[in-house]
Amino acid sequence: MATHVRGVPFPTPLSTAIRLGSLLAGATILDHSLFRHTFGSLLRWSSGFVVATLTGIAFGIAMGRNRILSRITRPGVYVLQLVPGLAWIPVALLLFGVGERTTAFMICGSPPSRPSS
């Protein structure tokens, strides 16, 4: 259907399921298995999460113990909370270029998701 509308081949559900099966069986994407790509993604996510957690806890304790530091840094924290996560992508690319550090920075800097009520 999509080929007729846009002229671009679009995979069918059956071809997608077959490709998924071959990837789970060990076929490669860009010279690595699906499991290697998944492990790399989990490693980037966990490194960003650990850095964000340790930084947040240390900064929170420092702000809680030092009233002057809290008064000085609180406006900056409030302003940075207003910036959407996607807006940090150009900043990360300028600071780190394209690569693993950029991805870890984006994970570290993205705000936690809030549960819907």
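In the predicted model, D31 lies in the loop that joins β1 to β2. The backbone of D31 adopts a positive phi of about 70°, although this residue is not a glycine. With a relative accessibility of 71%, D31 is classed as exposed, because the cut-off for that class is a relative accessible area over 50%. L30 is likewise found in the loop between β1 (28-29) and β2 (32-33). A positive phi, here of about 55°, is also assigned to L30, again a residue other than glycine. L30 is exposed as well, its relative accessible area being 72%.

Helix α3 consists of 32 residues. From its first C-alpha to its last, α3 reaches 46 Å, close to the 46 Å expected at 1.5 Å a residue. The buried residues of this helix are G40, G48 and M63. The elements that cover the buried residues of α3 include α4 and α6.

The packing of α3 against helix α4 (residues 67-82) was examined next. The axes of the two helices come within 6 Å and cross at roughly 130°. This crossing angle makes α3 oblique to α4, since angles count as roughly antiparallel when they are over 145 degrees and as roughly perpendicular from 65 to 115. On the α3 side, the contact is formed by F59, A62, M63 and R65; on the α4 side, by R67, L69, S70, T73, R74 and V77. Classified by residue type, the contact of α3 with α4 comprises five nonpolar, two polar and three charged residues. M63 thus appears both among the buried residues of α3 and among the α3 residues that meet α4.

Helix α3 also takes part in a salt bridge, in which the side chains of R44 and E100 meet at an N to O distance of 3.0 Å. This pair links distant parts of the chain: R44 belongs to helix α3 (residues 34-65) and E100 to helix α6 (residues 100-109), the two residues being 56 residues apart. The count of salt bridges in the model comes to one. R44 has a relative accessible area of 22% and is therefore partly exposed, as buried residues are those under 20%. Helix α6, which contributes E100 to the salt bridge, is also among the elements covering the buried residues of α3.

Technical notes. Residues are numbered from 1 along each chain as its sequence is written. This is a predicted model: local features need pLDDT of at least 70, side-chain atom pairs count only at pLDDT 80 or more; totals for chains, interfaces and linings use all residues. Side-chain values use heavy atoms; hydrogens and water are left out. A salt bridge is a side-chain nitrogen of Lys or Arg within 4 Å of a carboxyl oxygen of Asp or Glu. Helices (H or I, at least four residues) and strands (E, at least two) are DSSP runs, numbered from the N terminus. Buried means under 20% relative accessible area, exposed over 50%, partly exposed in between (1.4 Å probe, protein chains only). Axes are lines fitted to C-alpha atoms, for helices over the stretch in contact, and angles run from 0 to 180 degrees between N-to-C directions. Angles under 35 degrees count as roughly parallel, over 145 as roughly antiparallel, 65 to 115 as roughly perpendicular and the rest as oblique. Contact means heavy atoms within 4.5 Å. Ala, Val, Leu, Ile, Met, Phe, Trp, Tyr, Cys and Pro count as nonpolar, Asp, Glu, Lys and Arg as charged, and the others, Gly among them, as polar. The expected span of a helix is 1.5 Å times one less than its number of residues.
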